[in-house]
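Colleague: Please take a close look at a single residue in this model and describe its surroundings. After that, go on to other local details along the chain.

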Amino acid sequence: MGSPGGGSSCCRVVVAAATLVVLLQLCGSTAAMAAAAKAAAERAKYKDPKQPLNARVDDLLQRMTLAEKIGQMSQIDQENATADVITNYFIGSVLRGGGSVPAANAPPEAWVEMVEEIQRAALSTRLGIPAMFGIDAVHGHGYAYRATVFPHNVGLGCTRDPELAMKIGAAVALEVRATGIPFIFAPCVAVCRDPRWGRCYESFSEDPKLVQQMTSIISGFQGEIPASGRRGAPFVADQHNVAACAKHYVGDGGTTRGINENNTVATFHDLLGIHMRPYYNAIIQGVSSIMVSYSSWNGVKMHANRFLVTDFLKNKLRFRGFVLSDWLGLDRITSPEHANYPLSVKLGILAGIDMVMIPYQYKEFRDYLTTLVQNGSIPMRRIDDAVRRILRVKFTLGLFENPHADTSLAGELGKPEHRDLAREAVRKSLVLLKNGKPGEKPLLPLPKKPHGGRSILVAGSHADDLGSQCGGWTIKWQGLTGNNFTAGTTILDAVKSAVVPGTDVVYAENPNAGFIQQNKAKFDYAIVVVGEHRYAETAGDNLNLTIPAPGPAIIENVCGSIRCVVVLISGRPLVVEPYLNAVDALVAAWLPGTEGMGVADVLFGNYGFTGKLSRTWFRSVNQLPMNVGDEHYDPLFPFGFGLETQPSVY
């Protein structure tokens with residue numbers, strides 16, 4: 001079962017050690033036997049950081065049993081990752097799935113201890129291969145209490161600022177490392193071609209060229225490859241960086257009608273020209289792993305697509321990191337799910353998947369994969385290729401020399417500098433779609449001191465709701481509502497902080513027509529903040545894309561009587577044409593995250609509006625899918641649109 005190319009000198013060491021053990025057995029010295037075995041292990045090349053990377057990988061691989069190799073290919077949920085499971089099944093990777101947190105409102109130290117418990121178990125195994133803990137960090141370390149939550153990618157795409165994306169990646173890496181975690185499932189480099197898709201906010205743009213530019217976030221996560229370094233090979237700069245994962249390979253943003261996990265119908269030429277392009281940049285930047293999509297390409301499940309995973313990604317593009325399945329991704333090769341798991345394991349591993357996300361059924365996976373190897377259905381060279389790739393990333397990540405958390409990084413989680421960076425990202429991501437009715441002066445920027453001593457009305461379900469502001473993948477998979485689950489600033493609080501002290505700011509979550517008629521004379525203007533409810537993945541698939549109630553009624557009641565700016569909180573363009581005539585100004589704020597002050601910064605003119613649409617804003621869902629460059633292109637606001645304002649001095 002040894003890998004070819006292990007090196008003759010290494011083999012001599014192993015043979016010599018084995019001979020010594022036999023001699024000592026004849027002499028009956030148990031203590032001497034143990035000492036000899038330990039000495040042999042200490043001479044192992046894989047433990048010597050001065051050895052070349054490939055020599056270390058080869059040395060370790062040839063020492064491993066089939067069970068140990070399958071363990072490295074297994075990624076299980078933290079809830080199942082007891083010390084016994086780690087040691088008995090040689091588990092190589094653990095992930096934080098839904099709800100697997102150390103405790104509610106856990107500080108960094110509690111996260112570190114959770115990860116360290118797993119690591120201690122991994123290091124106690126025969127070969128002491130460190131475990132690699134992974135977590136979703138799609139817009140910051142969102143599952144961690146008091147972490148900085150950045151705008152979702154749809155907003156970052158509107159900044160058109162790859163340098164900013166890189167800085168955000170570096171900040172996220174530090175916050176993740178503060179909790180002892182070295183591996184993240186980010187970034188999503190999907191090219192979302194239909195906003196009806198529930199993951200569209202995870203995509204930087206409908207335009208593959210813009211998505212390519214924003215993959216710079218990978219160099220933030222992992223660090224920039226030095227000029228003398230090798231491009232295209234997995235790279236992690238140091239212990240302040242994390243291993244990144246580009247996802248979801250490939251075509252997840254092009255499914256029919258935007259239905260999650262659905263079929264992408266496209267020629268190979270179109271697949272390469274639209275959906276594949278961001279992966280070229282990701283590989284050049286040394287991305288450590290690539291996650292396979294649940295979706296299909298022309299009816300073939302990506303998790304079983306050998307042509308695209310092995311022939312193209314690994315052989316043609318020469319990707320040298322490891323390929324990771326999605327959550328229960330092998331199970332979903334069949335319909336119904338898990339209907340023929342042995343077949344799913346066979347198809348997935350032969351397709352080229354190296355690490356399998358099996359949160360629960362790790363025993364079943366081990367048993368079936370063992371049988372498939374032993375009966376020749378899966379050749380050992382395929383197993384060795386998978387393990388070699390995983391070990392390469394672990395060595396590159398520095399886990400063998402630094403398997404434990406750096407507790408001095410605890411203060412990085414949610415630190416002021418990161419919140420300032422997120423605030424900058426918010427204000428650069430906002431897109432001004434309308435500013436003033438025909439024949440009237442622009443409404444924005446708003447005066448910080450209302451005219452005639454009047455008040456300011458802030459209305460809407462999303463004005464004082466940090467959870468809705470952050471969206472999905474925040475504390476919980478689908479997100480949360482309310483203001484008590486993490487630290488941040490709501491838009492309402494941001495408005496109160498931005499205006500002149502003593503200004504009367506009145507908040508009405510859902511003002512009815514009677515309230516407006518009775519009080520309209522006292523308000524100089526209104527800020528209406530409405531939008532989508534929180535969601536992630538399939539739960540966010542939406543075929544009508546209307547503003548959820550009570551948003552339309554609030555716009556009608558307020559903007560019919562008071563000069564108003566509508567701030568729309570959403571993960572994608574929504575139907576807004578019916579309200580355009582009523583509103584004085586319209587701002588697409590996307591899902592801005594925890595730093596609501598970034599919204600107030602631009603509304604009140606501390607900074608000008610500069611954001612440009614990363615997506616086409618449609619008139620009607622009947623036009624979808626509609627993307628820039630299409631033959632029949634009739635948007636409400638075209639790709640790249642965005643009015644600008646100048647900063648104001650009051």
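Modeller: What follows starts with one residue and then moves to a loop and some helices. The model is predicted, so local features need pLDDT of at least 70 and side-chain atom pairs count only at pLDDT 80 or more, while totals for chains, interfaces and linings use all residues. Numbering runs from 1 along each chain as its sequence is written, and side-chain values use heavy atoms, with hydrogens and water left out.

The residue is asparagine 627, in the segment after helix 22 (597-603). Helices (H or I, at least four residues) and strands (E, at least two) are DSSP runs, numbered from the N terminus. Asparagine 627 has a relative accessible area of 3% and is therefore buried (under 20%; exposed is over 50%, partly exposed in between, with a 1.4 Å probe and protein chains only). Setting aside neighbours within four places in sequence, asparagine 627 contacts Cys192, Arg193, Glu206, Arg615, Thr616 and Tyr633, where contact means heavy atoms within 4.5 Å. With Arg193 there is also a link to the backbone: the side chain of asparagine 627 reaches the backbone oxygen of arginine 193 at 3.0 Å.

Asparagine 627 falls within residues 430-644, which an unreviewed UniProt entry lists as "domain: Glycoside hydrolase family 3 C-terminal". UniProt positions use the numbering here, feature names are shortened, and annotations may be inferred rather than shown by experiment. The end C-alpha atoms of this span are 10 Å apart, and the span is 17% helix and 16% strand.

Serine 461 lies in the loop between strand 13 (455-459) and helix 18 (466-470). The side chains of serine 461 and histidine 462 form a polar contact of 2.9 Å (a pair of N or O atoms within 3.5 Å, one able to donate a hydrogen and the other to accept it within protein; residues adjacent in sequence count only if both atoms are side-chain atoms). Not counting residues up to four places away in sequence, serine 461 touches Glu509, Val529, Val530 and Ile554.

Now the helices. Helix 13 (residues 306-316) has Leu308, Val309, Thr310, Phe312, Leu313 and Lys314 as its buried residues. Its N-terminal end is capped by asparagine 305, with a side-chain oxygen 3.3 Å from the backbone nitrogen of phenylalanine 307. Just after helix 13, arginine 318 has a positive phi of about 60°.

Leu272, Gly273, Ile274 and His275 in helix 11 meet Arg277, Pro278, Tyr279 and Tyr280 in helix 12.
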